[in-house]
Amino acid sequence: MTDEPTTPASGMRDFLPEQVARRNHVFDIIRDVYEGYGFEPLETPSMERLSTLLGKYGEDEKLIFRIMKRGQKLQRALDEDPSEDELADLALRYDLTVPLARIFAEHGNDFPRVFKRYQIGPVWRADRPQKGRYREFYQCDVDILGSESTLVEAEVISAAADALERLGFDDFRIHTNHRKLLDGMMEIAGIEQEMRSDALVAIDKLDKIGLKGVVDELDERGLSDDAVDTLMPMLDQGAEADSPPFDNQRTLQAIADQIEQTESGAHAVSDLESLFRVCEGSSAGRHLYFDPYLARGLSYYTGAIFEIRSDDFPGSLAAGGRYDDLVGMFTNQDVPACGFSLGVERIIDLMEERDMFDIDETPADVMVAVWDEDFAADSMAIARQMREAGLRADLYPDDDSGFGKQFGYADERDIPFVAIFAPDEKEAGCVAIRDMDSGEQTEVSREHAGEETARLILKARD
RNA sequence: GUGGGCAUAGCUCAGUCUGGUUAGAGCGCCGGCUUGUGGUGCCGGAGGACGCGGGUUCAAGUCCCGUUGCCCACCCCA
């Protein structure tokens, strides 16, 4: 006995078989939907060079899990009063988007002119854990590189909306805004460039701290009263009821007149108009909610931005947007890009809370019992016949237990049938198949035990 | 990085405020009733130096200080 901890490291989780089954169920549906849109799978390593990740995320960079240099390099670094970043040369990936930009910069010529990819995998953030927030969590990303059309925005949010609907969600909103719209507003309000990201953070909090809260926070962050007085009414023209049906076009028009005097504002209005129009034909359409207060923290977004929210969950279930300059940070070429990421952990948490899982978690279709040591080879042979007939067959893992114990084991694992081959059955040349639900036993021939059992089970399921 | 809450059996928790004989419950686990047959029932059993360290006291699971871990909130984010 030692006092070594047995819980996973902070913010990390173990998954028991039942949980894995549920998670896989969710991943399977999402993958199926994404592939249905023609997205191709792409995988990148869990670790990246630290320099690849630095400078892409803004403030959040401090949450990147750094990996220390090793051996002599570490010694050398230690010798010269190093900063945290000088001690590390690698890092766990912080999201799936920046690695995508890197791989596109490397392999761009190998991809089609417009490249649609999806990726499902874990990412790591050194955040303090909290409800719906983990240090290791899966993201399910779709991204389209190489097109400036708003059709691309429409595709990625539709894929996400379809996936959510397939998982059983209905009451979610896709909050939509545009970085350039916010830029235009801030320009009109005379907010200098270096204040703008601060302003965005405050604006983004509307749903949490309310209108007055936003005004106070803008004030605290050092914006002039003039700027705040100009900015807030513009934002507020966009305020509409946050339940469907949403009249996004009208909301946009209310803002457009003023905002179109700036170049970026005009660009944003035209983008959003086009997006709203295109989406009318998509599954995202009825969920789309133009929200001028949506800002988003990540610094790489350049155009439309999105966040999916449900009233039952604090924070967002999914997020994304256009990031036309990210690939350019790795190579000279300009590659327009837009992506969307489902926060599956939060989706799964919410599904657990709402008891939305309804899946068959049985680990096997049938368990083959073992009478004694002398019958063990026969039991193995029967299990093999069952598997060859396409059944998931489990073999009782011991040869000296009574049937009572063996049935208990099958019952505990929710295995619906038990196959029995003991002296009586051997005598009769049969295998007894016990229905664990009813207790009824049916005999199948020893020779064709596989197919006959498969038929029997199939029939019982109807 | 900041604030708050919690830590007692394998699990979920009572007991702590108002210190005092062998620390409880439910569930789970093991055995028996049931030597070719489970689930339900009845009977029995195992399992805890009360997170860790120190202090106060005749006496600490209970009060005080520290520490670690987890959870929740803030910041920020999927």
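A residue counts as near a molecule or strand if one of its heavy atoms lies within 4 Å of it. The structure is a predicted model, in which local features need pLDDT of at least 70 and side-chain atom pairs count only at pLDDT 80 or more, while totals for chains, interfaces and linings use all residues. Residues are numbered from 1 along each chain as its sequence is written, chains are lettered from A and ligands numbered from 1 in the order in which they are written, and side-chain values use heavy atoms, with hydrogens and water left out.

**Exercise 1. Describe the protein surface near RNA strand B.**

Step 1. Begin with the 40 residues around RNA strand B, of which R133, V201, R296, D424 and R434 come nearest. On the RNA side, sugar and phosphate make up 46% of the atoms that come within 4 Å of the protein.

Step 2. Sort the residues of this surface by class, which gives 13 nonpolar, 11 polar and 16 charged; here Ala, Val, Leu, Ile, Met, Phe, Trp, Tyr, Cys and Pro count as nonpolar, Asp, Glu, Lys and Arg as charged, and the others, Gly among them, as polar.

Step 3. Look for polar contacts, that is, pairs of N or O atoms within 3.5 Å. A polar side-chain atom of R133 lies 2.3 Å from a base nitrogen of RNA strand B, and a side-chain N or O atom of S316 is 2.4 Å from a sugar or linking oxygen of the RNA strand. D437 instead uses a polar backbone atom, 3.0 Å from a base nitrogen of RNA strand B.

Step 4. Assign the surface to helices (DSSP runs of H or I, at least four residues) and strands (E, at least two), numbered from the N terminus. The elements giving two or more residues are β6 (136-145), β10 (318-322), α15 (403-412) and α16 (423-428), and α15 gives the most, with five residues.

**Exercise 2. Work out the strand order of the open sheet and find its edges.**

Step 1. Strands pair if DSSP finds at least two bridges between them. Three bridges join β3 to β4 (residues 88-92), and these strands run antiparallel; R66 has A91 in β4 as its bridge partner.

Step 2. The open sheet of three strands has the order β2-β4-β3, with antiparallel pairing. Because β2 (47-49) and β3 (66-68) each have a single partner strand, they stand at the edges, and one side of each is left without a neighbour in the sheet.

Note on methods. A polar contact is a pair of N or O atoms within 3.5 Å; within protein, one must be able to donate a hydrogen and the other to accept it, and residues adjacent in sequence count only if both atoms are side-chain atoms.
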